[in-house]
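Me: Please display the sequence and the structure. I would then like to ask how the helices pack.

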Amino acid sequence: MTEPAKPQPTDFAARYRVLTNGTRQWLSYHFAEGRITTFGRQLQRALAACDAKLPGSGERFLRELAEVRYVPTRDNPDKWRKGYEQLVQKLAEILVSRVILEAAWPAGTTFQIEPANPVTGGRPELVVDTPNRQWLFEVKCPSFIEHQERRAERGHQIPVRGPIGAVPGIRADATLPRDNTLKDFLASADTKFRDFSLKLRTGILVVLWDGYIFEATSALSHEDAGLLTPNSWLHDANGRVAFDAVDGVVVLNHLEILKLAPQEQPIRRDDPFTIGGEGQPPNVWCPNLGRGDLDPLVAGRRQSWTAGSAV
C-alpha cells in the first residue's frame, strides 16, 4: 500500500512573488527567485512556525505583507516612510505571534487570529483559549522614523508629564513624551479586550520599542503620571481612565532589530524573529495598577520575555 504523501512546507517566497505579481515590493529583494537572503529565510521560518501551530496563519501574514506597497523614496519620501513603518508593524505581529503560538500552552488550547469581539467589534491580534482562561493579545509598533530623527536633533528629552515641561523655553528644544501614542494603544486594546467573552480573561498589550525604552516605561508606569498608575494624567468625566480590560503591557526592546534586519544591517547574530538572545537588552512588564508578575506561560518559551518589571 502506497504511503500518503507528506504535506510539503509552503514556499512563502514563491507565494509572495505570485501575490505581488512580480512587481517591486518591500520583500521582493529578500524573496527573489534563486537568491533568497538570510532575512528572507528567517522570515520564511517564522511564517512556517506560525503555520505549524495555527494552519493558515502563515499565508494570512504573507498576504498582509504583500499588501504593504513599496513607494520609492525619490517619488514620495513620506509614503516611503509610512510604508516602511507598516512593514515593521507586520513583522512585529509575526514575531509576537510566533512567540505566543510556540509557548507551552496546556492541552486543549486553541488559537484565533483577529477574531471579532461580539460586543465592541474590535479585533485583538491573537486570542489564546485555554481550558480555564482566555488570553487576549494586541501588538503595536509606533511610527518611529520621524520621532527618531527629531530625538537626535534636539538637545533635551522630557520622558514624562510634570513640572519640568512648564519651564519656559524648554519645550522648543525638547523631545516630548510619547504618552499620547501609548494612550491610543491602550484605548485600542481596551476596546478589543473588553467584554470579549464570559470566560476568565487576561488582556495583554505588546508594544515594540527601540533602545530608548524609558520613553514607554515612563509613560506607562512613572509614579507621578504613568497611564497605568493611580496618578495617571489621563482623566475623563468619570475620573481616571483605567483601561481595566488591559492587565498590563509588555514592552519589547525589539524595534531596532526589526527595523535594521530587512536592511541587512543586523544588530544581533541570531534570528530577529525570536525573543531574547545575544544583543538584545531586557524587555519590560508594566502591570496595570500593580497587578503582579507576568504569567509564566506568557513570559516565554525557553527564554523570558522580561527580565524585570517597570518601577
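Me: Is the crossing of H2 and H4 left-handed or right-handed?
Reply: This is a predicted model, in which local features need pLDDT of at least 70 and side-chain atom pairs 80 or more, whereas totals for chains, interfaces and linings use all residues. Numbering starts from 1 along each chain as its sequence is written, and side-chain values use heavy atoms, without hydrogens or water. A crossing is left-handed if the near helix is turned anticlockwise from the far one by less than a right angle, and right-handed if clockwise. For helices H2 and H4 (DSSP runs of H or I, at least four residues, numbered from the N terminus), the crossing is left-handed.

Me: What is the orientation of H2 and H4 to each other?
Reply: H2 spans residues 38–53 and H4 residues 77–101, and their axes (lines fitted to C-alpha atoms over the stretch in contact) lie 9 Å apart. The angle, taken from 0 to 180 degrees between N-to-C directions, is about 45 degrees. Under 35 degrees counts as roughly parallel, over 145 as roughly antiparallel, 65 to 115 as roughly perpendicular and the rest as oblique. H2 and H4 are therefore oblique.

Me: Which residues of H4 meet H2?
Reply: Contact means heavy atoms within 4.5 Å. From H2, Phe-39, Leu-43, Ala-46, Leu-47, Ala-49, Cys-50 and Lys-53 take part. In H4 they meet Leu-91, Ile-94, Ser-97, Arg-98 and Leu-101.

Me: How is H4 oriented to H5?
Reply: Helix H5 covers residues 145–153, and its axis is 10 Å from that of H4. The two pack at an angle of about 110 degrees. That makes the orientation of H4 to H5 roughly perpendicular.
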